[in-house]
Each structure stands twice: as structure tokens, then as C-alpha cells.
Amino acid sequence: MSGGTVIRSMVLSDGYIIALDDGLISWRPNSGRRTNYRLQYPASVLLGIKGPSGSCESIAIGDTKGNVIRLSLPRLELLDAYETGAGLVRSLCRVSSSSDKLLVGNDSGHVWIIGRDVPDNCVLLFKHDECITSIRSSYDEITVHSGWSKYNYDWEGVLLSNFNTNDVFEQKRIERSIRRAKLLQQKATNSPFGVMVDLPIIS
């Protein structure tokens, strides 16, 4: 039995999957025997993949070295293996609900597409300027999240739109500063000591 620490998990109707920091992937069914699979490197992200039946029939796993594999459920048999070789995988998503191709986003901002129908099984689409924490595909756009900031790209890596929360926070900081300045000005106007009301008292 592995003595590793659970670093990722996924709960399904028939059981749950855990990923340990020593590379072990374990399927724990609600009833029956457990099944294990050993990765060379620790998992960094898990993605359940539905089959034609509508239930989760396989799981895609990204690791800390840029590798992505797909295992069958519940037997955890290896179905596919891909290498991006570009750092820790942060996010995975299917291109569409009917496609086996996956989008891969990593901590250095690279966006890859992988799959059996992809040339050489793996193609770099574009490079985002920040660490990717989430990635999604919708029609002709790829949505990338970096923390709370959201960016929409086309499939050639052209930025279509973005919502940067850093700009929002900066704007709110400016607004707070303006409100504070107005309050201090009003306080100074109403005080018999004038502008000295906001100055420290030294004795």
C-alpha cells in the first residue's frame, strides 16, 4: 500500500479516483476491488471524459513534467500517452463533447492540442503570457484563465478580448483614494484647524 499524500481527487457515481504525490493513481469503487496505476511523475490535473453512454469512461491525467495520459475506467488501462515537454500541466479540456482531442494549458503559458488525429499527436497552438490556471474551448474560441483574469483567443493565438482583474483592482484603488481625499477635504473645511486636522500631533 502506498504511503503517499493525496494531491488530486475526483468523485464519480461509481466511486472515486485519487492521485498521490508518489505518482500512484488509484480507483476506489463503491464496491469491489481497488485498481492502481503508477505514473512516472506526480499528477497535476485530472479530467473525467464521458463516453457515448454519458457516463465517465476514461480519465485524462496531466503531470508535473508536461505529460498527458488517458486511462480507461474502471480498469485503469493505458489508452493514450502524449508528451508536450513544456512544464507542469495546469489544465485540460476536451475540444468538444464528441472529440478525443484535448487542449492542454501549462504553468509557462503554452497551449497545446493533443490527440490521435493531431499531426505528430501534439501541436503547440500559441503562448499565453502568464501561467494558465484554466482553459476551455467554445466554437471558434479558446478561453484561458490566469487567476481571476480571462482571455479569449482564436485558434491561431490571436487575442480577441480580455478581462484583466488587475485593471479592476487598480481602478477601485484610485476610486478609494479619490473618496478619501474628498472626505479629508470636507473634514478640513469643517474643522476650525483647517488643513491641520489630518496632521499628526507631536508633544
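Biologist: Which element of the chain has the highest confidence, and at what mean?

Modeller: This is a predicted model, where local features need pLDDT of at least 70, side-chain atom pairs count only at pLDDT 80 or more, and totals for chains, interfaces and linings use all residues. Residues are numbered from 1 along each chain as its sequence is written, and side-chain values use heavy atoms, leaving out hydrogens and water. On pLDDT (the predictor's per-residue confidence, 0 to 100), the chain averages 89, with 89% of residues at 70 or more. Helix 1 (165–190) is lowest at a mean of 74, and the highest is strand 7 (67–72), at 98.

Biologist: In the open sheet of four strands, which are the edge strands?

Modeller: Strands are DSSP E runs of at least two residues, helices H or I runs of at least four, numbered from the N terminus; two strands pair if DSSP finds at least two bridges between them. The order is 1-2-3-4, paired antiparallel. Pairing on one side only, the edges are strand 1 (6–12) and strand 4 (35–38).

Biologist: And which residue in strand 4 does Trp 27 stand opposite?

Modeller: Strand 3 (24–29) runs antiparallel to strand 4 over four bridges. Opposite Trp 27 stands Thr 35.

Biologist: Which element gives the largest share of the lining of the largest cavity?

Modeller: A cavity is a set of points on a 1 Å grid over the protein atoms alone where a 1.4 Å probe fits but cannot get out, and lining residues have an atom within 4 Å of a point. The search finds one of 30 Å³ or more. Its lining includes Val 68, Ile 69 and Arg 70. The largest share, three residues, comes from strand 7.

Notes: On a 1 Å grid over the protein atoms alone, a cavity is a set of points where a 1.4 Å probe fits but cannot get out, and a pocket is an open set with protein on both sides within 12 Å along at least five of seven lines; lining residues have an atom within 4 Å of a point. Grid points are joined across faces, edges and corners, and a volume is the space filled by probe spheres set on the points.
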